Amino acid sequence: MTTLETGTVVTAVFHHLFRYAHTANEIDELVRTLVHDPPRQPAEVYVWDRPCHQSPDGTINEFPRHKLRVCTRPDLGWGAISYHNGTPEQQDLVDSYNPRTTEETPALLFDPEGDLWFPASASIPLEQAREAIAEYCRTGQRPESVRWQPGYWY
């Protein structure tokens, strides 16, 4: 597993609220917030060589081409993750995959504005979601600690 060099920045976007983490301790705290106390659901997570930025009027959007979309429900003990890498050469869109879903496994929110939901098969135990988010924050690549299924363009 590759670890990014120092100088990378993890940006978490909770709707229009941006939070940045530069150090290992800040990243650990940001992962904890994403998993256990997110201010808004879902969140997008970016790993890049600089902080992500969006102007108030939306004319400036500075983001890398890869991200995680994360929804966690600590009250239920579940999380769901979508990974997207939108380079021109590769359009990789996958959702976490839980082969052990039951009728009680909840579907989690993908996009509140469009009332879109992850399939229940994307819901994974909260600790597994935490591990995958932390892995992405360390490597900037699609986490290998979870299984994946094809995602959907909504």
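1. Helices and strands here are DSSP runs, a helix being H or I over at least four residues and a strand being E over at least two, with numbering from the N terminus. On that basis, His15 sits in the loop between β1 (9-14) and β2 (17-21). The model is predicted, and the points below should be read accordingly.

2. Overall make-up. The protein chain contains two helices and twelve strands. Read from the N terminus, the order of the elements is β-β-α-β-β-β-β-β-β-β-β-β-α-β. The radius of gyration is 15 Å, close to the 15 Å given by the globule rule for 154 residues, so the protein chain is as compact as a globular protein of that length. Along the principal axes, the C-alpha atoms fill a box of roughly 45 × 35 × 30 Å.

3. Burial, contacts and surface. Of the 154 residues in the protein chain, 48% are buried. Taking contacts between residues at least 6 apart in sequence, 60% join residues at least 24 apart. The exposed area of the protein chain is about 8,500 Å², and carbon and sulfur atoms supply 48% of that area.

4. Charges. The protein chain carries 13 positive and 22 negative side chains. The centres of the two sets lie 1 Å apart.

5. Strand β1. How many of the six residues of β1 are buried? Six of the six are, so the strand is largely enclosed by the rest of the structure. Both faces are covered. Val9, Thr11 and Val13 are buried on one side, and Val10, Ala12 and Phe14 are buried on the other.

6. Partners of β1. Strand β1 pairs with β3 in the antiparallel sense over six bridges. It is also joined to β2 by five bridges, again with the strands running antiparallel. Ala12 can be used to locate both pairings: its bridge partner in β3 is Val45, and its bridge partner in β2 is Arg19.

7. The β1-β2 hairpin. Two residues lie between the strands of this hairpin, and His15 takes a positive phi near 60° there. His15 is not a glycine, which is the reason for listing its phi of about 60° separately. Is His15 buried, partly exposed or exposed? Its relative accessibility is 35%, so it counts as partly exposed, the class between the 20% and 50% cut-offs.

8. The segment before β1. Thr8 is placed in the segment before β1. At 19% relative accessibility, Thr8 counts as buried, because buried means under 20%. Which residues does Thr8 contact once its neighbours within four places in sequence are left aside? They are Ala21, His22, Val47, Trp48 and Asp49.

9. Strands β3 and β6. Strand β3 is joined to β6 by three bridges, and these two strands run antiparallel. One position in this pairing is Ala43, whose bridge partner in β6 is Val70. Strand β6 (residues 66-73) is mostly covered, with six of its eight residues buried. Strand β3 therefore has antiparallel pairings both with β1 and with β6, under the rule that two strands pair if DSSP finds at least two bridges between them.

10. The cis peptide. Where is there a cis peptide bond? It joins Gln41 and Pro42, with omega about -15°. Pro42 lies in the loop between α1 (24-36) and β3 (43-48).

11. Asp115. Asp115 has a positive phi, near 50°, and is a residue other than glycine. Its place is in the loop between β9 (109-111) and β10 (116-117). Asp115 counts as exposed at 52% relative accessibility, because exposed means over 50%.

12. Helix α2. Ala134 is in helix α2 (residues 126-139). With a relative accessibility of 14%, Ala134 counts as buried. Ala134 and Leu30 are 104 residues apart in sequence, while their C-alpha atoms are 9.3 Å apart in space.

13. Positions to check in the model. For backbone geometry, the entries are the cis bond between Gln41 and Pro42, the positive phi of His15 and the positive phi of Asp115. For burial, Thr8 at 19% relative accessibility and Asp115 at 52% can be read against the cut-offs of 20% and 50%.

Methods. Residues are numbered from 1 along each chain as its sequence is written. This is a predicted model: local features need pLDDT of at least 70, side-chain atom pairs count only at pLDDT 80 or more; totals for chains, interfaces and linings use all residues. Side-chain values use heavy atoms; hydrogens and water are left out. The radius of gyration is taken over C-alpha atoms; the globule rule is 2.2 Å times the number of residues to the power 0.38. Buried means under 20% relative accessible area, exposed over 50%, partly exposed in between (1.4 Å probe, protein chains only). Contact means heavy atoms within 4.5 Å. Accessible areas come from the Shrake-Rupley method with a 1.4 Å probe; for residues, only the protein chains shown count as cover. Lys and Arg count as positive and Asp and Glu as negative; His and the chain ends are not counted. The place of a charge is taken as NZ of Lys, CZ of Arg, CG of Asp or CD of Glu.
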